[in-house]
Amino acid sequence: MTQYLDFEKPLAEIEGKAEELRALARANEEMDVAEEAAALDAKAAKLLDELYRDLTPWRKCQVARHPERPHCRDYVDALFTEYTPLAGDRNFADDLAVMGGLARFNDRPVMVIGHEKGSDTKSRIAHNFGMARPEGYRKAVRLIEMAGRFGLPVVTLVDTAGAYPGKGAEERGQSEAIARSTEMCLRAGVPLVSVIIGEGGSGGAVAFATANRVAMLEHSIYSVISPEGCASILWKNAEKMREAAEALRLTAQDLLKLGVVDRVIPEPRGGAHRDKAATMEAVRTAIAAMLKELEGKSAEALIKDRRKKFLDIGSKGLAA
């Protein structure tokens, strides 16, 4: 059963009525509701198109956080073959908020790393809602280092509200672990591409997205802070999150103009969760294109390219 966002309530009513008609028809074979149901479907499709034609930044935040949106595990299962998970940071523990391992992408060996939020209450708690602890970032450092040793491209899938801010994480060096992960991304002598598939929150996202090429799904977000957190600081009122979302310029479209990301991956109308198969194929195409752009470059050229990309951020688009 589809979960609807606040602004989708009119759509929920129409689609609900269409389903009610079909349920009545299933219960009574003599009823013919095909014409009425088709009319409602057409009305719903038109409304869906109108709702998603020009989403506000806050509504994009809601879509990026949709509970049915595909997560890292879904992409790994759909896009990669022979996935072999690698666990632990060889120091403290295995952080389930970060998954990663060896795999094949289009029959090419790669290292894939990403944030996993979980898909139901039990798995979300187990994966800490995708908020990594220091051991998660140290695991990522280990895997990127291994990829460099064997000359494997690295693909990262970013979907986190931010690094876990708990007491234990701070005691174990959260900020240092994030910095080390970011540093390792900058130093890696292999192609590194990143896709922001949902939320890209703060340093917790940057630690995986310091890549040669960064792509964002059309309705994903990428920001130094959540709109609610920004509103709490600036206005002392989390209810100002809509204004904060506007000011943060956290949408894929804004960030493409600013040069923070390199491409925007289109989503099916209504968001990635409405047609997961189409979304997966769009992401596959984008990853393949980004890897092809980096093919044949030396380790020195890749590092120089990555460094220049991040030094140039902020040099364009700010006057727009």
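Is Cys230 buried or exposed? Let's start there this morning, and please keep in mind that we are looking at a predicted model. With a relative accessible area of 9%, Cys230 is buried, because the cut-off for that label is under 20%.

Now, staying with the cysteines, how many disulfides does the count come to? Zero. Remember that a disulfide is a covalent bond between the sulfur atoms of two cysteines. Take Cys185: its sulfur lies 14 Å from the closest cysteine sulfur, that of Cys72, so the gap is too far for a bond. Cys230 is in no disulfide either, and its nearest cysteine sulfur, in Cys61, is 11 Å away. As for cover, Cys185 is buried, with a relative accessible area of 0%.

Let's turn to helix α8, which spans residues 174–187 and holds Thr182. Thr182 has a relative accessibility of 18%, so this residue counts as buried too. And what is Thr182 in contact with, leaving aside its neighbours within four places in sequence? The partners are Val206, Ala207 and Thr210.

Last stop, the surface. If you find Ile233, Leu234 and Trp235 on your screens, you are looking at a nonpolar surface patch of about 320 Å². Trp235 sits in the loop between α10, residues 227–234, and α11, residues 241–248. Why does Trp235 count as partly exposed? Its relative accessibility is 37%, and partly exposed runs between the buried limit of 20% and the exposed limit of 50%.

That's my tour, thanks for listening, and I'm happy to go back to any of these spots with you.

Conventions
Residues are numbered from 1 along each chain as its sequence is written. This is a predicted model: local features need pLDDT of at least 70, side-chain atom pairs count only at pLDDT 80 or more; totals for chains, interfaces and linings use all residues. Side-chain values use heavy atoms; hydrogens and water are left out. Patches are made of residues with over 30% relative accessible area and no salt bridge: like charges are joined within 9 Å, nonpolar side chains (Val, Leu, Ile, Met, Phe, Trp, Tyr) within 5 Å. Accessible areas come from the Shrake-Rupley method with a 1.4 Å probe; for residues, only the protein chains shown count as cover. A salt bridge is a side-chain nitrogen of Lys or Arg within 4 Å of a carboxyl oxygen of Asp or Glu. Helices (H or I, at least four residues) and strands (E, at least two) are DSSP runs, numbered from the N terminus. Buried means under 20% relative accessible area, exposed over 50%, partly exposed in between (1.4 Å probe, protein chains only). Contact means heavy atoms within 4.5 Å. A disulfide is a pair of cysteine sulfur atoms within 2.5 Å.
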